[in-house]
Amino acid sequence: KAYKAYAWGKDELLPISRDSNEWFNLGLTLVDALDTMWVMGLSEEFGEAREWVAEEMVVAQDKDVNLFETTIRVMGGLLSTYYLTQDELFLERAKELGDRLLPCLDT
């Protein structure tokens with residue numbers, strides 16, 4: 001409840017100050033929790049989170065991100081949710097993110 005009240009769509013909740021923090025502006029906490037919401041049967045919360053991914057998540061950003069964190073939390077969250085739900089939205093967002101991250105691997 002606190003995340004939704006104080007940090008919806010933000011990367012992380014700062015519970016003591018009742019504020020949020022943007023690290024990569026990709027909704028890290030929200031996307032990372034999608035598969036858990038699905039497995040736990042939190043259909044209302046999952047629906048709200050899906051709507052955020054569909055309508056508000058912006059993958060096309062020109063900014064530095066931590067490749068490891070973005071891969072495990074955002075890419076992992078999107079792909080595991082696609083695997084569980086077979087909802088093409090999550091696969092499409094994962095492809096968008098992968099395309100944006102690909103230059104990081106061009107060494």
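Helices (H or I, at least four residues) and strands (E, at least two) are DSSP runs, numbered from the N terminus. Arg18 lies in the loop between two such strands, β1 (12-14) and β2 (19-21). The model is a predicted one: local features need pLDDT of at least 70, side-chain atom pairs count only at pLDDT 80 or more, and totals for chains, interfaces and linings use all residues. Residues are numbered from 1 along each chain as its sequence is written, and side-chain values use heavy atoms, with hydrogens and water left out.

The protein chain contains six helices and two strands. Their order along the sequence is α-β-β-α-α-α-α-α. The radius of gyration is taken over C-alpha atoms, and the globule rule is 2.2 Å times the number of residues to the power 0.38. For 107 residues, a compact globule would have a radius of gyration near 13 Å; the protein chain has 14 Å, which agrees. The C-alpha trace spans about 40 × 35 × 20 Å along its principal axes.

Residues were sorted by relative accessible area: buried means under 20%, exposed over 50%, and partly exposed in between (1.4 Å probe, protein chains only). Of the 107 residues in the protein chain, 36% are buried. Accessible areas come from the Shrake-Rupley method with a 1.4 Å probe; for residues, only the protein chains shown count as cover. The protein chain exposes about 6700 Å². Carbon and sulfur atoms supply 53% of that area.

Contacts were counted next; a contact means heavy atoms within 4.5 Å. Take the contacts between residues at least 6 apart in sequence: 53% of them join residues at least 24 apart.

Charges were also counted. Lys and Arg count as positive and Asp and Glu as negative, while His and the chain ends are not counted. The place of a charge is NZ of Lys, CZ of Arg, CG of Asp or CD of Glu. The protein chain has 10 positive and 21 negative charges. The mean positions of the two sets are 4 Å apart.

Aromatic rings were then paired. Rings of Phe, Tyr and Trp (its six-membered ring) pair if their centres lie within 6.5 Å; planes under 30 degrees apart count as stacked, over 60 as edge-to-face and the rest as tilted. The structure holds four aromatic pairs. In one of them, the rings of Trp23 and Phe24 have centres 4.4 Å apart and planes at 15°, so this pair is stacked. Trp23 is partly exposed, at 41% relative accessibility. Phe24, in contrast, is buried, with a relative accessible area of 3%. Trp38, Phe46 and Phe90 form one aromatic cluster.

Thr81 is found in helix α5 (residues 67-85). Thr81 is buried, at 0% relative accessibility. Leaving out residues up to four places away in sequence, Thr81 touches Leu34, Asp35, Phe46, Gln86 and Phe90. Two of these partners, Phe46 and Phe90, belong to the aromatic cluster with Trp38.

One residue that Thr81 touches, Gln86, lies in the loop between α5 and α6 (88-101). Phi of Gln86 is near 60°, a positive value in a residue other than glycine. Gln86 is partly exposed, with a relative accessible area of 48%. Arg18 is not a glycine either, and has a positive phi of about 55°. At 56% relative accessibility, Arg18 counts as exposed.

Helix α3 (residues 34-39) includes Thr36. Thr36 is partly exposed, with a relative accessible area of 39%. Thr36 and Ser80 are 44 residues apart along the chain, and their C-alpha atoms are separated by 9.6 Å. Val39 is also found in helix α3. Val39 is exposed, at 62% relative accessible area. From Val39 to Thr81 the distance is 9.5 Å, C-alpha to C-alpha, across 42 residues of sequence.

Gly47 lies in helix α4 (residues 43-55). Gly47 counts as partly exposed, at 32% relative accessibility. The C-alpha atoms of Gly47 and Leu34 are separated by 9.6 Å, with the two residues 13 apart along the chain. Leu34 is also among the residues that Thr81 touches.
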